[in-house]
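Colleague: I am new to this structure and would be grateful for a close look at its side-chain contacts. Please begin with the charged pairs and then turn to the aromatic rings.

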Amino acid sequence: MSLRELYQEMIVDHGKHPRNFGKLESANHSQAGYNPLCGDKLMVYVRENNGVIEDVHFEGAGCAISVASASLMTEAVKGKSIAEIDKLFDLFHHLVTEGKEPAESIGKLAVFSGVAEFPVRVKCATLAWHTLKAALHNDPIAATTE
Amino acid sequence: MTISATTIDFTKLRRDFPILQGTNRGKPLIYLDSASSAQKPNQVIDAITQFYANDYANIHRGIYELSERATKLFEDTRSQVKQFINAKSAEEIVFVRGTTEGINLVAQSFGRSQWQAGDEIILSGMEHHSNIVPWYLLKETIGIVIKVIPVTDDGALDLTAYKQLFSARTKMVAVTHASNVLGTINPIKEMTAIAHTHNVPVLIDGAQAVPHMPVDVQALDCDFYVFSVHKLYGPTGIGVLYGKKHLLDAMPPYQGGGDMIETVAFDKVTFAKTPQKFEAGTPNIAGVIGLSEAIRYVQAIGMQQIYQHEQDLLAYALPKLTAIPEMRIIGTATPKVGVISFILDSVHPHDIGTVLDHEGIAVRAGHHCAMPLMERFKVPATVRASFGVYTNEQDIDALIKAIELAARLFG
């Protein structure tokens with residue numbers, strides 16, 4: 001497994017130029033997420049309307065994997081329902097822990113398949129998703145992947 | 001007087017460490033994480049194996065010759081440690097699980113039995129969590145106040161500020177001998193003398209000093225000194241707490257059980273004398289045997305030689321590192337032990353660590369159990385490369401190349 005397969009072009013790009021980056025003033029959910037292992041810190045902002053995500057942004061600093069994952073997550077979940085997002089998280093989690101692409105298409109998120117070969121990076125890839133899930137289900141405890 | 005490090009064949013010495021012939025991520029292992037834990041030479045591995053094969057029995061209680069042999073090997077090591085750190089007596093050497101347990105022992109036995117709400121302890125901003133949290137627990141349980149010596153921009157302790165932290169309520173100073181993040185060696189002899197003018201005892205965290213330089217606890221005049229054996233090329237699960245005898249004698253027990261008692265009745269227990277008073281239960285006997293061999297191993301090289309070897313490596317590495325664009329070394333104060341923390345402006349430490357891992361290089365990327373220090377330098381984490389007796393210039397060349405690769409990949 002070469003480094004190129006972990007750090008694919010899209011990951012490096014989204015890590016350096018994250019999409020939907022910055023505070024979301026019209027958010028009605030927000031949640032902080034923290035990965036103590038390497039110091040990744042994220043803040044996820046969501047505007048939800050009737051169980052559908054209208055907009056999602058994030059702020060924070062972290063390694064390329066955590067930032068790229070947050071960026072691609074924001075693109076993937078816009079317009080989806082909470083139930084669809086929970087399902088997508090499961091599929092994504094399987095991908096990064098087992099490395100097998102799921103039967104259903106997860107679009108650009110498949111680019112993280114290399115993470116499975118680097119178990120210490122799984123927590124980086126899933127931080128944004130844990131944080132989003134905590135925001136949507138109003139979990140008051142700050143999301144961490146410890 | 002500095003003895004030339006070239007009188008020791010450090011290249012030949014590498015062959016004592018079998019793991020260095022191995023691989024990491026399919027490439028030859030380049031181990032630059034000795035500050036986290038040191039690799040073990042054959043001599044230490046064999047000593048432990050031979051002990052279990054030939055001399056093993058429980059100690060102190062047995063009435064047969066085998067147990068006498070094991071007990072002698074164990075207690076001889078106590079005298080050996082006394083000589084290694086120049087304590088006054090072997091009774092001032094307590095075997096614990098590691099630096100962390102040693103500090104917890106002092107906090108719970110010395111601190112808890114004497115201090116009250118409002119009493120103060122002075123720590124420093126560069127402490128490892130093992131020299132923060134035990135005192136924080138006393139803050140939570142008995143209400144002591146923690147005061148912190150500030151760290152300067154180059155990674156040293158602000159001694160002027162230190163002197164001003166003392167008050168009528170100060171009960172202890174607990175500070176690290178050498179920083180596991182910055183590498184800075186603190187002027188603890190001077191700091192101890194200052195504390196003693198206020199009648200305040202001093203605990204020194206020597207985890208990152210003992211493997212890298214000679215330590216003389218009588219010359220330092222510190223009241224407590226702790227270190228871990230696994231960082232000293234010995235096994236895990238064993239460490240040393242040194243304490244001045246009159247202090248240890250006055251302290252109540254830490255853990256209760258067998259071996260630390262004289263007599264036991266349900267309504268009255270009398271305790272053993274120092275140091276047995278603090279060693280409840282069957283100890284890590286093989287760990288102590290490993291410690292014995294580890295001390296023999298480093299003394300055969302010479303602690304001053306080891307210190308000089310690391311200084312030579314620092315002199316080789318630092319100019320090459322600072323030549324890399326966007327490189328920021330965290331901790332430029334001297335003198336330092338062979339520990340270098342750094343960041344690159346545009347690449348997160350964890351990503352640098354992964355690229356290095358891929359080139360076979362083992363470094364640490366994270367907060368190094370020093371979150372307050374990370375906060376002080378406003379970094380989420382650093383990459384830390386650290387040296388051992390087996391580290392050579394080729395290791396450093398490989399490190400430089402890999403950092404440059406990481407910068408290219410993400411730049």
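Modeller: The side chains of K378(B) and E375(B) meet in a salt bridge, with N and O 3.6 Å apart; this contact, like everything that follows, is read from a predicted model. K378(B) has a relative accessibility of 66% and therefore counts as exposed, because the class begins over 50%. E375(B), at 48%, counts as partly exposed. Elsewhere in chain B, salt bridges with shared partners join D33(B), R364(B) and R384(B) into one network.

The setting is otherwise for the salt bridge between R14(B) and D395(B), in which the N to O distance is 3.1 Å. This pair links distant parts of the chain: R14(B) belongs to helix α1 (residues 10–14) of chain B and D395(B) to helix α14 of chain B, and their positions lie 381 residues apart in the numbering. Both R14(B) and D395(B) are buried.

Chain A offers a further example. Here E54(A) forms a salt bridge with R47(A), and their closest N and O atoms are 3.0 Å apart. E54(A) is partly exposed, at 38% relative accessible area, and R47(A) is partly exposed as well, at 26%. Over all chains, a search of the whole structure finds 26 salt bridges.

One contact leads from charges to rings: the charged end of R376(B) sits over the ring of F377(B), at 4.7 Å from the ring centre.

As for contacts between rings, the search of the whole structure finds 18 aromatic pairs over all chains. One of them is formed by Y7(A) and F410(B): the ring centres are 4.7 Å apart and the planes stand at 85 degrees, so this pair is edge-to-face, since an angle over 60 degrees is what that class requires. Y7(A) lies in the loop between α1 (3–6) and α2 (9–16) of chain A, while F410(B) lies in helix α14 (residues 393–410) of chain B, so the contact joins two chains. Y7(A) counts as buried, with 0% relative accessibility, and F410(B) is buried at 4%.

Y162(B) and F166(B) form another edge-to-face pair, with 5.2 Å from centre to centre and 70 degrees between the planes. Both of these residues are buried. Finally, F17(B), Y31(B), Y233(B), Y297(B) and Y390(B) come together as one aromatic cluster.

Terms used:
Residues numbered from 1 in each chain as written. Chains lettered and ligands numbered in written order. Predicted model: local features only at pLDDT ≥ 70, side-chain atom pairs only at ≥ 80, totals over all residues. Heavy atoms only, no water. Phe/Tyr/Trp six-rings, centres within 6.5 Å; stacked < 30°, edge-to-face > 60°. Helix = DSSP H or I, 4+ residues; strand = E, 2+ residues; numbered from the N terminus. Buried < 20%, exposed > 50% of the residue type's maximum accessible area, 1.4 Å probe, protein only. Lys NZ or Arg CZ within 6 Å of the ring centre and 35° of its normal. Salt bridge = Lys/Arg side-chain N within 4 Å of Asp/Glu carboxyl O.
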